[in-house]
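Let's take a quick tour of some backbone oddities and one chain contact. Have the viewer open as you read.

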Amino acid sequence: MTVTVTFKTSGRTVAWTKADSLLAFAEEHGIDAPFSCGAGVCGTCATTLLEGDVTYVEDPLYLPDPGVVLLCCTTPKTSVVLDL
Amino acid sequence: MNVEHWGDSAWGLNRGDAMTVEANYLYMTDNLLDPSHVAWVHQTSFGNAACADDVPDTTIADNGVIVSRWMRDTEPAPFYQPFLKFRGNCDRKQHYEVRYPSHAIIKAIFVPAGTGGDDKPLHQDVFLMDSYNFLTPINENLTRYYWFQMRNFAPNDQAVSAAFATSVRTAFEEDKAIVQAVHRGMNNKKSNNIDLKIDKGPLHFRKRLAQMIAAEKPTLVAAE
């Protein structure tokens with residue numbers, strides 16, 4: 001089953017291909033995502049997850065609130081819709 | 001606490017020293033868990049430009065945080081050069097471990113260039129130095145800092161111990177100047193703090209320690 005990533009604000013849906021993180025994936029596809037540390041420290045890339053589920057591939061310093069994900073530390077577990 | 005090689009006749013001991021630092025002890029743990037500080041703070045002693053390059057690995061352990069890395073084929077830093085048994089460039093490992101609540105073990109490994117690695121046996125000419133560092137808070141703004149070092153050579157050489165004692169003190173004076181300036185700066189900061197990737201080790205240490213302190217508080221109240 002194809003996993004897709006939907007950037008809702010940008011109005012784009014892209015098939016997930018292996019990337020270090022959702023942040024890296026967004027950058028590859030020209031989606032501007034806010035970020036600073038890239039390591040789960042600063043919280044700048046916190047984004048609302050509208051649908052789907054993610055896996056944390058790097059442990060962030062603090063987990064964000066429910067419904068919010070850190071793009072720099074996650075990859076999709078299922079197809080996801082991001083408020084981005 | 002287990003001190004490796006304590007009482008080992010092949011190892012030397014620098015009995016160490018102490019100083020009072022006009023800063024909160026957590027700025028000292030921040031400093032220790034950022035090995036890149038060695039490039040900037042210790043240019044004449046422990047460090048050289050190579051210490052600014054490779055990103056270290058951060059390991060979160062139950063009893064503390066370890067930040068470590070191998071630096072490959074670099075010139076030995078000035079502090080270590082006279083004590084190395086080999087010539088030429090080295091592979092150098094920096095291991096900075098800070099354990100809860102506030103003691104640090106710094107391990108330095110120097111081997112001839114091309115022979116270093118966690119998966120390789122130590123070269124016969126290896127230089128090993130383990131530094132044990134104890135940060136004891138006096139209050140929010142003052143820390144008493146104690147230390148001693150173990151080394152894998154010149155076990156009974158008083159001249160080597162004396163040279164170490166002087167050099168380590170000089171280097172730690174460099175830390176003291178920076179950490180005190182950080183403490184003053186953070187108490188008077190004019191702009192927002194920005195945390196970087198390199199701050200992950202120090203911040204994780206602070207987070208876990210704060211949790212441990214919070215967990216102790218109900219017990220203290222109950223005892224009153």
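The loop between β7 (142-151) and α3 (158-187) of chain B holds B:Ala154. This is a predicted model, so treat what follows as computed. B:Ala154 has a phi near 45 degrees, a positive value in a residue other than glycine. That's worth a look, since most residues other than glycine have a negative phi. Is B:Ala154 buried or exposed? Neither quite: B:Ala154 is partly exposed, because 16 other C-beta atoms lie within 10 Å, and the partly exposed class sits between 12 or fewer (exposed) and 20 or more (buried).

B:His5 also has a positive phi, near 70 degrees, and isn't glycine either. You'll find B:His5 in the segment before β1 (12-21) of chain B. B:His5 counts as partly exposed, with 16 C-beta neighbours inside 10 Å.

Here are those two phi values together:

| Residue | Phi |
|---|---|
| B:Ala154 | near 45 degrees |
| B:His5 | near 70 degrees |

Next up is a peptide bond. Which residues does a cis peptide bond join? They are B:Tyr100 and B:Pro101, with omega about 0 degrees. B:Pro101 falls in the loop between β4 (90-99) and β5 (103-112) of chain B. For background, most peptide bonds are trans.

Finally, the contact between the chains. Chain B puts in 9 residues and chain A puts in 7 residues. On the side of chain B that touches chain A, 5 residues are charged, 3 are nonpolar and 1 is polar.

How values were computed
Residues are numbered from 1 along each chain as its sequence is written. Chains are lettered from A and ligands numbered from 1 in the order in which they are written. This is a predicted model: local features need pLDDT of at least 70, side-chain atom pairs count only at pLDDT 80 or more; totals for chains, interfaces and linings use all residues. Two residues are in contact if their C-beta atoms, placed from the backbone, lie within 7 Å. Ala, Val, Leu, Ile, Met, Phe, Trp, Tyr, Cys and Pro count as nonpolar, Asp, Glu, Lys and Arg as charged, and the others, Gly among them, as polar. Helices (H or I, at least four residues) and strands (E, at least two) are DSSP runs, numbered from the N terminus.
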